[in-house]
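Trainee: Please take one helix of this chain and go through it closely, together with what it touches. I would like the reasoning spelled out where there is any.

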Amino acid sequence: MVAGREKVLHSMVNKTFIPEGEAAPASQIGATLEALAATIAARRDADEASYTYRLLTGNVDGVLKKVMEESGEVALAAKDVEGWATSSLAAAVALEATEAGGTTTGAETADGGADFPLSVQLPPEYGEAVDHLRYEAADVVYHLLVVLERYGITLDEFAAELNNRMTEGERPHGAVRLHDEFVRRGK
């Protein structure tokens, strides 16, 4: 792995923690989605002051527009991440070429490329872009869960849909599945 990327990946791993005195659940994402889904369901009994209540009970176009808007923001955020990575790689290639006097260094491969590790230093903006992508992805998941709750689709039913799309070897042992009569593949 490239040294600069290794450093960035290492720092990304250190972004999360479990509060002192708390035990980790068996599945972080499972516990989080279940807690969020329960909170969203409980908002059915809230009032107009609750954003989630308004999404659950108001005009359906409101929540559907939010899913579309947030999905678009995920796409744009991912492009930002890609842009920072690509520009950093291009800068590293240019620097290597400059340092080599306009030619590559190291052993040449059969395709003419250099056979040496390329050190890419990703700028702080790359990490910031990754953080922004994570933020926007969470917005999509929240709004998607509101849509599922609005129409009575439980997390278990949603999990069954995902599990039905996996092969036997990919699917978790004991995972919930849909009965054949409820499997729909497109319209």
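Mentor: Asp131 and Arg134 sit three residues apart in helix H5, which means that about one helical turn separates them. The two form a salt bridge in this predicted model, with the closest N and O atoms 3.0 Å apart. Asp131 has a relative accessible area of 26%, so Asp131 is partly exposed. The pair is not isolated: Lys15, Asp131 and Arg134 are linked in a network of salt bridges. The count of salt bridges comes to eight.

The helix itself covers residues 124-150, and its length can be checked. With 27 residues at 1.5 Å a residue, H5 should span 39 Å; the C-alpha atoms at its ends are 40 Å apart, so the two values agree. Just after H5, Gly152 has a positive phi of about 75 degrees.

Further along, Asp139 also lies in H5. Its relative accessible area is 19%, and because the cut-off for buried is under 20%, Asp139 counts as buried. The C-alpha atom of Asp139 is 8.8 Å from that of Val74, although the two residues are 65 apart along the chain.

Next comes the aromatic contact. The count of aromatic pairs comes to one. Its members are Tyr51 and Tyr142: the ring centres are 6.4 Å apart and the planes make an angle of 20 degrees, so the pair is stacked. The limit for the centres is 6.5 Å, and planes under 30 degrees apart count as stacked. Since Tyr51 belongs to helix H3 and Tyr142 to helix H5, the pair ties together parts that are 91 residues apart in sequence. Tyr142 is buried because its relative accessibility is 16%, whereas Tyr51, at 35%, counts as partly exposed.

Tyr142 also belongs to the largest nonpolar core, which has ten residues in all. The other members are Ile40, Leu55, Leu56, Val63, Val67, Leu145, Val146, Val147 and Leu148. H3, H4 (60-99) and H5 each supply at least two residues of this core, and H5 gives the most, with five. Ile40, another member, is in contact with Thr52, Leu56, Tyr142, Leu145, Val146 and Glu149, leaving aside neighbours within four places in sequence. A second core, separate from this one, has six residues, among them Val81, Val120, Leu122 and Ala129. In soluble globular proteins, nonpolar side chains tend to be buried together.

Beyond H5, helix H6 (residues 155-164) holds Glu161, while Arg185 lies in the segment after H6, so their pairing ties together parts that are 24 residues apart in sequence. In this salt bridge the closest N and O atoms are 3.0 Å apart. Glu161 also forms a salt bridge with Arg165, where the closest N and O atoms are 3.0 Å apart. Glu161 is buried because its relative accessible area is 17%. Arg165 is exposed at 58% relative accessibility, and Arg185 is partly exposed at 49%.

Finally, confidence. The chain averages a pLDDT of 85, and 79% of the residues score at least 70. Among the elements, H3 (residues 51-57) has the highest mean pLDDT, 98, and strand E1 (residues 107-108) the lowest, 47. Over residues 104-108 pLDDT stays under 50, and for these residues the model has eleven contacts beyond four places in sequence.

Notes: Residues numbered from 1 in each chain as written. Predicted model: local features only at pLDDT ≥ 70, side-chain atom pairs only at ≥ 80, totals over all residues. Heavy atoms only, no water. Helix = DSSP H or I, 4+ residues; strand = E, 2+ residues; numbered from the N terminus. Expected span 1.5 Å × (residues − 1). pLDDT = per-residue confidence, 0-100. Contact = heavy atoms within 4.5 Å. Core = buried A, V, L, I, M, F, W, Y, C linked by side-chain atoms within 4.5 Å. Buried < 20%, exposed > 50% of the residue type's maximum accessible area, 1.4 Å probe, protein only. Phe/Tyr/Trp six-rings, centres within 6.5 Å; stacked < 30°, edge-to-face > 60°. Salt bridge = Lys/Arg side-chain N within 4 Å of Asp/Glu carboxyl O.
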